[in-house]
Amino acid sequence: MLSLGAGSGYDLKKRIEGSIAHFWSESYGQIYPMLSRLAEEGLAERTRERQPGKPDRQVYAITESGREELARWLATPARQEGFRSELLLKLFLGARAGAAANVGHVEEVQRRQRALLERYAAVRQRLRGSSSPDLPYWLITLSYGEHRCRALLQWCDETLRTLRRLGRRTAARPRRRRP
């Protein structure tokens, strides 16, 4: 993120939230130690900015060594990342909760995905007219998020049909009395 422009830890967090947060997040607890480490390793330089009536700001900028290291990292194939989903774990064990509880879980995912698609549309609108050389790459990651949302919405529709069928079947079964 420093390659996009200098900034403080706060600035970088805001930059992340406004751009890559749909696929990468960092907490302040990760950002500030990393900035210090980058500065110690000569990959970023730190300067102090005075602010009237406020504490000084530590502003970081990428160095030439940092750009070289970034280029090396960008050329390295991305690692395969593990995948964890609490939702899928709950659905896997869903027979123990019943169809109605699982319908609620999936409807919540559906609601969040629709909201995310709206957010992505707003981001796409904001990017229109940008002349940044990074724009095509930003649009590639935005497109990934849009495709992912649409695929999840399709999965939600399919899953909700299945869960509702299961709910009707369960409701239609007579309950056995225990002796």
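## Leu-12 and the largest nonpolar core

Beyond its neighbours within four places in sequence, Leu-12 is in contact with Met-1, Leu-2, Ile-31 and Leu-35. The model in which these contacts occur is a predicted one. Three of these partners are joined with Leu-12 in a wider group: Leu-2, Leu-12, Ile-31 and Leu-35 are among the ten residues of the largest nonpolar core. The other members of this core are Ile-16, Ile-20, Ala-39, Ala-44, Tyr-60 and Ile-62.

Which elements give two or more residues to this core? They are α1 (9–17), α2 (28–40) and β2 (54–62). Helix α2 gives the most, with three residues. Another core, of eight residues, lies apart from this one; its members include Leu-91, Val-103, Val-109 and Leu-163.

## Overall architecture

The protein chain contains six helices and two strands. Read from the N terminus, the order of these elements is α-α-β-β-α-α-α-α.

The radius of gyration of the protein chain is 23 Å, whereas a compact globule of 179 residues would have one near 16 Å. Along the principal axes, the C-alpha atoms fill a box of roughly 75 × 40 × 40 Å. Among contacts with a separation of 6 or more, 47% join residues 24 or more positions apart.

## Surface and charge

Of the 179 residues, 23% count as buried. The protein chain exposes about 13,800 Å², and carbon and sulfur atoms supply 54% of this area.

The protein chain carries 34 positive and 20 negative charges. The mean positions of these two sets of charges are 14 Å apart.

## Ser-8 and Ser-19

Ser-8 lies in the segment before α1. Is Ser-8 buried or exposed? Ser-8 counts as buried because its relative accessible area is 6%, and the limit for a buried residue is under 20%. Not counting residues up to four places away in sequence, Ser-8 touches Leu-35, Arg-57, Gln-58 and Val-59. Of these partners, Leu-35 also belongs to the largest nonpolar core.

Ser-19 has its place in the loop between α1 and α2. With a relative accessibility of 35%, Ser-19 counts as partly exposed. Ser-19 and Trp-138 are 119 residues apart in sequence, yet their C-alpha atoms are 8.1 Å apart in space.

## Gln-113 in helix α5

Helix α5 spans residues 99–127 and contains Gln-113. This residue counts as buried because its relative accessibility is 9%.

Which residues is Gln-113 in contact with, leaving aside its neighbours within four places in sequence? The partners are Cys-149, Leu-152 and Leu-153.

## Leu-142 in helix α6

Helix α6 covers residues 135–172, and Leu-142 is found in this helix. Leu-142 is buried, as its relative accessible area of 2% shows. Not counting residues up to four places away in sequence, Leu-142 touches His-22, Tyr-120, Val-123, Arg-124 and Leu-127.

How far apart are the C-alpha atoms of Leu-142 and Arg-112? The two residues are 30 residues apart along the chain, and their C-alpha atoms are separated by 16 Å.

Conventions: Residues numbered from 1 in each chain as written. Predicted model: local features only at pLDDT ≥ 70, side-chain atom pairs only at ≥ 80, totals over all residues. Heavy atoms only, no water. Helix = DSSP H or I, 4+ residues; strand = E, 2+ residues; numbered from the N terminus. Rg over C-alpha atoms; globule rule 2.2 N^0.38 Å. Buried < 20%, exposed > 50% of the residue type's maximum accessible area, 1.4 Å probe, protein only. Contact = heavy atoms within 4.5 Å. Areas by Shrake-Rupley, 256 points an atom, 1.4 Å probe, with all protein chains shown as cover. Lys, Arg positive; Asp, Glu negative; His and termini not counted. Charge placed at Lys NZ, Arg CZ, Asp CG, Glu CD. Core = buried A, V, L, I, M, F, W, Y, C linked by side-chain atoms within 4.5 Å.
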